[in-house]
Amino acid sequence: MYSSNLKGFILAVVSSAFIGSSFIIKKKGLRRAGVNGPRASVGGYGYLLEPLWWVGMVTMIVGEISNFVAYIYAPAVLVTPLGALSIIVSAVLAHFLLKEKLQKMGMLGCLLCIVGSTVIVLHAPEEQSINSVEQIWELAIQPAFLLYTASVVAVALVLILYCAPRYGQTNILIYIGICSMIGSLTVMSIKAIGIAIELTLEGINQAKYFQTWVFAMVAITCIITQLNYLNMALDTFNTAIVSPIYYAMFTSFTILASAIMFKVCTVLKGTERDREIRSARHKFVSCFL
């Protein structure tokens with residue numbers, strides 16, 4: 001367990017470095033694209049033709065792959081908070097490359113994010129061991145997690161359809177809120193896909209289960225939504241502000257989603273254990289009747 005957590009820790013740190021850098025590179029790409037056409041903040045997609053933006057995307061993909069593998073080796077409650085390091089990377093690079101000054105309150109906010117993440121990492125509980133995609137599917141369809149998923153989708157739709165067109169340009173929480181809530185579902189799906197890949201490489205084919213493909217479709221949909229609204233946030237607001245707020249909200253929702261999913265597992269295991277104890281007692285008493 002310690003060795004797996006260490007691998008996850010190292011991969012998460014590497015991921016943070018790449019993801020923090022990608023914010024800056026993508027921001028520069030968005031600025032260049034905005035000179036020659038509609039900006040991403042108003043629905044423009046000219047950045048898709050900007051090479052620098054794609055360099056930022058590749059950098060983010062490398063970071064996300066490292067993050068993806070980290071989730072295979074370590075629990076989400078350990079990996080996700082380490083994203084605080086990306087705040088330092090993006091804040092420092094934004095200062096030198098984008099000339100975006102981070103004010104004292106912003107520095108304090110970044111510091112609090114890092115301190116909070118350190119506390120979470122030091123006290124991260126041991127996550128329930130998952131041995132198949134079917135097992136994590138059973139957790140995902142429990143009433144508590146289904147209620148969380150339905151709530152996230154409903155709130156995200158309200159933000160996308162009503163709030164974003166009206167307040168997205170002035171309220172930073174709109175775009176980042178969409179990314180963060182949808183991102184928590186992305187993490188849970190990525191966790192399932194990572195387990196499927198790991199088991200398949202070990203010789204236990206998980207592609208034959210429809211659940212694997214459901215998780216893959218959910219992950220792709222969520223990732224595309226995240227990227228779209230993250231680009232809009234970066235193109236509208238200061239990177240040094242977007243990065244820490246996005247990190248704080250994304251981490252909070254991910255920990256909440258993880259806690260709901262795996263808390264259910266613990267409760268169910270306790271219930272099953274209670275039933276087994278009662279059954280054993282019943283059989284024991286029956287021997288004397």
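Read along the sequence, the protein chain runs α-α-α-α-α-α-α-α-α-α. That pattern reflects 10 helices and 0 strands. The model is predicted. The protein chain has an average pLDDT of 79, and 84% of the residues score at least 70.

**Confidence**

- Helix α7 (residues 143-167) has the highest confidence in the protein chain, at a mean of 94.
- Helix α10 (residues 239-286) has the lowest, at a mean of 63.
- The pLDDT falls below 50 over residues 264-289. Beyond near neighbours in sequence, that stretch has 7 contacts in the model.

**Overall packing**

- The protein chain has 289 residues, and 45% of them count as buried.
- Take the contacts in the protein chain with a separation of 6 or more: residues 24 or more positions apart account for 83% of them.
- The exposed area of the protein chain is about 15200 Å². Carbon and sulfur atoms supply 71% of that area.

**Aromatic pairs**

- The count comes to 9 aromatic pairs.
- Tyr47 and Trp53 form a tilted pair, because their ring planes meet at 50°, between the 30 and 60 degrees that bound the tilted class. The ring centres of Tyr47 and Trp53 are 4.8 Å apart.
- Both Tyr47 and Trp53 are buried.
- Trp137 and Phe215 form an edge-to-face pair. Their centres are 5.7 Å apart, with 80° between the planes.
- Trp137 sits in helix α6 (residues 133-140) and Phe215 in helix α9 (residues 210-236), so this pair ties together parts that are 78 residues apart in sequence.
- Trp137 and Phe215 are both buried.
- One aromatic cluster is formed by Tyr45, Tyr47, Trp53 and Trp54.

**Salt bridge**

- The count comes to 1 salt bridge.
- The partners are Arg32 and Glu50, with the closest N and O atoms 3.9 Å apart. The cut-off is 4 Å.
- Arg32 belongs to helix α1 (residues 2-36), while Glu50 belongs to the loop between α1 and α2 (51-73), so the bridge ties together parts that are 18 residues apart in sequence.
- Arg32 is partly exposed, at a relative accessible area of 47%.
- Glu50 is buried, because its relative accessibility is 13%, and buried means under 20%.

**Val133, in helix α6**

- Val133 is placed in helix α6.
- Val133 counts as buried, at 0% relative accessibility.
- Its contacts, leaving aside neighbours within four places in sequence, are Ala192, Ala196, Gln206, Gln211, Thr212 and Phe215.
- Val133 and Ala196 are 63 residues apart along the chain, yet their C-alpha atoms are separated by 6.0 Å.

**Ser189, in helix α8**

- Ser189 lies in helix α8 (residues 172-201).
- The relative accessible area of Ser189 is 3%, so this serine is buried.
- Its side chain reaches the backbone oxygen of Leu185 at 3.0 Å.
- Not counting residues up to four places away in sequence, Ser189 touches Phe215, Val218 and Ala219.
- Phe215 thus appears in several places: it pairs with Trp137, touches Ser189 and is in contact with Val133.

**Ser86, in helix α4**

- Ser86 is found in helix α4 (residues 84-97).
- With a relative accessible area of 7%, Ser86 is buried.
- Not counting residues up to four places away in sequence, Ser86 touches Ser16, Gly20 and Ser243.

**Val13, in helix α1**

- Val13 is part of helix α1.
- Val13 counts as partly exposed, at 29% relative accessibility.
- Val13 and Val79 are 66 residues apart in sequence. In space they are 8.8 Å apart, C-alpha to C-alpha.

Notes
Residues are numbered from 1 along each chain as its sequence is written. Side-chain values use heavy atoms; hydrogens and water are left out. Rings of Phe, Tyr and Trp (its six-membered ring) pair if their centres lie within 6.5 Å; planes under 30 degrees apart count as stacked, over 60 as edge-to-face and the rest as tilted. Buried means under 20% relative accessible area, exposed over 50%, partly exposed in between (1.4 Å probe, protein chains only). Helices (H or I, at least four residues) and strands (E, at least two) are DSSP runs, numbered from the N terminus. A salt bridge is a side-chain nitrogen of Lys or Arg within 4 Å of a carboxyl oxygen of Asp or Glu. pLDDT is the predictor's confidence in each residue, from 0 to 100. Contact means heavy atoms within 4.5 Å. A polar contact is a pair of N or O atoms within 3.5 Å; within protein, one must be able to donate a hydrogen and the other to accept it, and residues adjacent in sequence count only if both atoms are side-chain atoms. Accessible areas come from the Shrake-Rupley method with a 1.4 Å probe; for residues, only the protein chains shown count as cover.
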